[in-house]
Amino acid sequence: MERAFSNRAEAGRQLAEKLETYAGREDVIVLGLPRGGVPVAYEVAKRLNAPLDLFIVRKLGVPGFEELAAGAIASGGVRVLNQDVVRAIPYATEAIEAVTAKETAELRRREQIYREGRPAPELHDKTVILVDDGLATGATMRAAVKALRQSGAAKIVMAVPVGPPDTCQEIAQEADETICLITPPFFQAVGQYYEDFSQTSDDDVRALLTRAAQEISSKQQ
């Protein structure tokens, strides 16, 4: 099978072409889902001349059944709960608070590592372009969209290079605009559409955020 993208950077450049209407607007911010979404988002932000940041989502696994998601927390102190799951958990309040505290600590640790002291961006009344390197089940992206709604974003644009048709359609019900560059009918995994799908490191994420901030700063001088 021919790969659709040589790497995440190229996927980001292709994605940016579909987002040209947002170029040069002061109300736009591009957020990458770390780690793999950040190299894609960097290329989008660069092309649109928009600031780049990240949006971290952590799943709230049910204690003892961690694969079952009771909800998620995200950057900005937002929590989204899956009430159907919560109602089925014994001692739900205590269990959810305990796992929220644990995952909040991890989320803050990651934000500290990635942002290196830079403050989190203000998202209220912003047009947010939320980028990942692809969708599989879409669970993380759905949680991110819900969290962005709670943060007061004016418009949420979900943009990915690849995803299964049904998942892209589901996300389209929740985001204000959804761009999936390719939606292969026999989708198996995001990595199969990239020639180079090597893991993005924490250092890569830090370097891209720093470079993006420097580029925006130099243009404003």
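In the predicted model, helix α5 makes the largest contribution to the lining of the largest pocket, supplying 6 residues. This pocket has a volume of about 900 Å³, and 35 residues line it. Those nearest the pocket centre are V57, K59, A139, T140 and M141. Two or more lining residues are given by each of the strands β3 (57-62), β4 (65-74) and β5 (78-81) and by the helices α4 and α5 (139-150). In terms of residue class, the pocket lining comprises 17 nonpolar, 9 polar and 9 charged residues.

Enclosed space was examined as well. Rolling a probe the size of a water molecule over the atoms shows where empty space is left. With a threshold of 30 Å³ or more, the count of cavities is 1, and the space in the largest cavity amounts to about 60 Å³. The residues lining the largest cavity are Y42, A45, K46, N49, A50, A212, E215, I216 and K219. At least two of these lining residues come from each of the helices α2 (37-48) and α7 (202-220), and α7 provides the largest share, with 4 residues. The composition of the cavity lining is 5 nonpolar, 1 polar and 3 charged residues.

Among the residues of the cavity lining, N49 is located in the loop that joins α2 to β2. N49 has a relative accessible area of 38% and is therefore classed as partly exposed, a category that lies between the limits of 20% and 50%. Beyond its neighbours within four places in sequence, N49 contacts I216 and K219, two residues that also appear in the lining of the largest cavity. The C-alpha atom of N49 is separated by 8.1 Å from that of R25, although the two residues are 24 residues apart along the chain.

The strand arrangement was considered next. An open sheet is formed by 5 strands, which follow one another in the order β2-β1-β6-β7-β8 with parallel pairing. The edge positions are occupied by β2 (52-54) and β8 (177-182); each has a single partner strand, so one side of each lacks a neighbour in the sheet. On average, and with direction ignored, neighbouring strands of this sheet are turned by 25° against each other. Strands of a sheet pair through backbone hydrogen bonds, either parallel or antiparallel. Within the sheet, strand β6 (residues 127-131) pairs with strand β7 (residues 155-162) in the parallel sense over 5 bridges. The bridge partner of V128 in β7 is I156. Strand β7 is largely enclosed by the rest of the structure, because 7 of its 8 residues are buried.

A buried charged residue was identified in helix α4. This residue, R115, belongs to the helix spanning residues 92-115, and R115 counts as buried because its relative accessibility is 4%, which falls under the 20% limit. When neighbours within four places in sequence are set aside, the contacts of R115 are D53, L54, A120 and P121. Of these contacts, D53 and L54 fall within the span of edge strand β2 (52-54). Helix α4, which contains R115, is also among the elements that give two or more residues to the lining of the largest pocket.

Technical notes: Residues are numbered from 1 along each chain as its sequence is written. This is a predicted model: local features need pLDDT of at least 70, side-chain atom pairs count only at pLDDT 80 or more; totals for chains, interfaces and linings use all residues. Side-chain values use heavy atoms; hydrogens and water are left out. On a 1 Å grid over the protein atoms alone, a cavity is a set of points where a 1.4 Å probe fits but cannot get out, and a pocket is an open set with protein on both sides within 12 Å along at least five of seven lines; lining residues have an atom within 4 Å of a point. Grid points are joined across faces, edges and corners, and a volume is the space filled by probe spheres set on the points. Buried means under 20% relative accessible area, exposed over 50%, partly exposed in between (1.4 Å probe, protein chains only). Contact means heavy atoms within 4.5 Å. Two strands pair if DSSP finds at least two bridges between them. Axes are lines fitted to C-alpha atoms, for helices over the stretch in contact, and angles run from 0 to 180 degrees between N-to-C directions.
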